[in-house]
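Student: Please take me through one part of this model in detail. I would like a close look at a single helix and its setting.

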Amino acid sequence: MSFNDIFKSSFLESVTEFSIVDTLLGLAAALVIGLFIFVIYKKTLTGVMYSSGFALTLIGLSLVTTLVIMAVTSNVVLSLGMVGALSIVRFRAAIKEPVEIVFLFWSLASGIVIGAGMIPLAIIGSVVIGLILLLFANRKIHSNPYILVLNLRDEEAEGNALGLVEQNVEHYIVKSKTVSQAGIEITAELRTKDASTAFVNRIYEIPGVANATLVSYNGEYMS
């Protein structure tokens, strides 16, 4: 066996020719759209905790998906092998907000569309999705949801506190009530009429109210 026979392989012979220009063009488009998704993610972030790692993942995911789809579409045999290889991959990343799933699928879809050669579709679709997310993310919220926790001494203090709550909020509903030897603890969900929370101070001044805590939350309640 000669030295040349060692490097002679059917694998090398089956490599499909590809265009460097098309590859660079597709990756450049994926980078631009990935940066666009990155900007939309920062603009629509509703919490105070910004994850730079997740934002960088959106750009990288768009680029990697584009590269994979380009390879798959150029060779049928490679596409079957890629499906088998990706089927054993398991991800364990925690999703903090449900909206993050939208950005992950957006990056994946953009990479798939660009890798398939439909760059105009990826651009138009990304612009439309970005505008819709910006429109709904920047809408004005007329009432803020809160959770009010009251520690009361007796039933009379409970009646006075809930009466004051009813006068100062738009809507409220008692979520839980715990009665013990230490007193009464009430947890209520409410929506304020405006951004003012001064009524909590007046609740605390009611005789028999040991503690009054107002907590803002995102609308999810675990009973």
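Tutor: Start with residues 20-41 of this predicted model. The chain there is 100% helix and 0% strand. Its end C-alpha atoms are 31 Å apart. An unreviewed UniProt entry annotates 20-41 as "transmembrane region", along with 53-83 and 103-136. Residues 103-136 are 91% helix and 0% strand, yet their end C-alpha atoms lie 15 Å apart.

Now the helix itself: H7, residues 119-137. H7 has 19 residues. From first C-alpha to last it reaches 27 Å, close to the 27 Å expected at 1.5 Å a residue. Which residues of H7 are buried? They are Ile 119, Ala 122, Ser 126, Gly 130 and Leu 133. These residues sit on the same side of H7, because they cover an arc of only 70° around the axis. The face turned away from that buried side carries exposed residues: Pro 120, Leu 121, Ile 124, Leu 131, Leu 135 and Phe 136. Helix H3 (20-43) and helix H6 (99-115) are among the elements covering the buried residues of H7.

Next, the cores. Leu 133 belongs to a core of 16 residues that also includes Ile 40, Ala 55 and Leu 58. That core is separate from the largest nonpolar core, which has 19 residues. Leu 150, Leu 152, Ala 161, Leu 190 and Ile 203 have the most contacts inside the largest one. Strands E1 (145-152), E3 (183-192) and E4 (209-216) each supply at least two of its residues, as do helices H8 (155-168) and H9 (199-204). H8 gives the most, with five.

Technical notes. Residues are numbered from 1 along each chain as its sequence is written. This is a predicted model: local features need pLDDT of at least 70, side-chain atom pairs count only at pLDDT 80 or more; totals for chains, interfaces and linings use all residues. Side-chain values use heavy atoms; hydrogens and water are left out. UniProt positions are given in the numbering used here, feature names are shortened, and annotations may be inferred rather than shown by experiment. Helices (H or I, at least four residues) and strands (E, at least two) are DSSP runs, numbered from the N terminus. A nonpolar core is a set of buried Ala, Val, Leu, Ile, Met, Phe, Trp, Tyr and Cys residues joined through side-chain atoms within 4.5 Å. Buried means under 20% relative accessible area, exposed over 50%, partly exposed in between (1.4 Å probe, protein chains only). The expected span of a helix is 1.5 Å times one less than its number of residues. The arc is that of the directions from the helix axis to the C-beta atoms. Contact means heavy atoms within 4.5 Å.
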